[in-house]
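Please look over the sequence and the model together, and follow one strand outward to its neighbours and then to the nonpolar cores.

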Amino acid sequence: MTTVRKGQAPAKLNRDEFHVVFSRDFYDPAYQAVAKELAAVEEVAWKAYVDSHKAPITVKAGPGFADPDYDLSVEWKEAHDRLLAAEARQKDPATPSRVLLINGAARNDGSCPSEISKTWRLAKLCEATIAAEGVETDLLDLSRIISDYDRHIHPCKACVSTAMPMCHWPCSCYPNHSLNQENDWMNEIYERWVAAHGVIILTPTYWYQSPSVLKLMIDRLVCADGGNPDPSATHGKDAEKAKALEKDWDYPKHLAGRVYGLVVHGDVAGIESTRRSLSDWLDWMGLIDAGPTALLDRYVGYYESYAGSHDTLDKDTAFQEEVRNVARSVSAAVAAVRSGKLLQPDRKLANPRPK
């Protein structure tokens, strides 16, 4: 049995430090009118913090779990049940085909950028193209993190690096009510991925990389690739139990078999490396690319003014048509997969290096 290493985490805040941090959420002088009520709320929050009330409302795991008597978070259990229902719908041949479109740009006109992103426009082109073929679409706009009230994708805590069975499907790290780590968007996003037969990620390139909003989602999808669907097997986050289980872990790929396409754009550099890293990630998770036409990277206004970039996109009708072809390719590949005409040639091969 390997040793669980300790010694990095800082000590908990003392009462005075907690007050300073708690008060930051109520900086606006308008809150002074309810100062007494806030003080009472702070006392409750302090006790929840001290007592580590991560999941204050639980339910017995019940039949089908390794430990039916284990107390599961109600929020996790509800998310788990929704994923099972979404997976059943996705696998039902009678249900319509569905493509998830993901706008990975961290920009919209509801916040300081004051203008829509070009990526949003490209996503709408895909949406219209796929809808015209009678396929359902679901447009996930990750830029809402910058403009919606209290919307978050909290960062991955890398439980998988302790042991794969400690990384639960769906993620059980959030919400953590004792640390005010709440209103996490990922449970909804997991469900939207599971319900889809195809996925198209559209993204700009920021500093040679994917935008932070997209990377947050990508990191939190690690649980879809080998994640443990039964937290009772590890009694939550018990590192020793998780390490013991990993010896014979089969690394289930919960999103394998879905089709994907990519649209990556930029204005100076980095589009090819971003597109390659995204396709490598999706290939690793067992998704199926919809062919070369579906893996697109292009510059919009190479080394030209940011101010006129939307006008440049208006003129680049070839790029617009290439984006539509990504949508058409994914739509066609989804139909081929669902009819059994397109199969992964390596689907029955045993992996000598499972991870």
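The paragraphs below begin with a single strand, go on to its pairing partners and end with the cores.

In this predicted model, a convenient place to start is strand S5, residues 198-204, where 7 of its 7 residues are buried. The cover extends to both faces of S5, with Gly-198, Ile-200, Leu-202 and Pro-204 buried on one side, and Val-199, Ile-201 and Thr-203 buried on the other.

Strand S5 is paired with strand S3, residues 98-103, to which it runs parallel, and 5 bridges join the two; within this pairing, Leu-101 has Ile-200 of S5 as its bridge partner. Strand S6, residues 259-266, also pairs with S5 in the parallel sense, here over 7 bridges, and Val-259 of S6 stands opposite Gly-198.

In soluble globular proteins, nonpolar side chains tend to be buried together. The largest nonpolar core of this model holds 48 residues, of which Ile-102, Leu-142, Trp-193 and Met-217 touch the most other members. At least two residues of this core come from each of the strands S3, S5 and S6, and likewise from each of the helices H3 (74-91), H6 (186-195), H7 (212-220), H8 (239-246) and H9 (271-284); helix H6 supplies the largest share, 6 residues.

Leu-142 can be followed in more detail: leaving aside residues up to four places away in sequence, it touches Ile-102, Asn-103, Gly-104, Ala-105, Ile-153, Trp-185, Ile-189, Val-213, Leu-214 and Met-217. Apart from the largest core lies another, of 25 residues, and among its members are Leu-101, Val-259, Ala-294 and Ala-333.

How values were computed
Residues are numbered from 1 along each chain as its sequence is written. This is a predicted model: local features need pLDDT of at least 70, side-chain atom pairs count only at pLDDT 80 or more; totals for chains, interfaces and linings use all residues. Side-chain values use heavy atoms; hydrogens and water are left out. Buried means under 20% relative accessible area, exposed over 50%, partly exposed in between (1.4 Å probe, protein chains only). Helices (H or I, at least four residues) and strands (E, at least two) are DSSP runs, numbered from the N terminus. Two strands pair if DSSP finds at least two bridges between them. A nonpolar core is a set of buried Ala, Val, Leu, Ile, Met, Phe, Trp, Tyr and Cys residues joined through side-chain atoms within 4.5 Å. Contact means heavy atoms within 4.5 Å.
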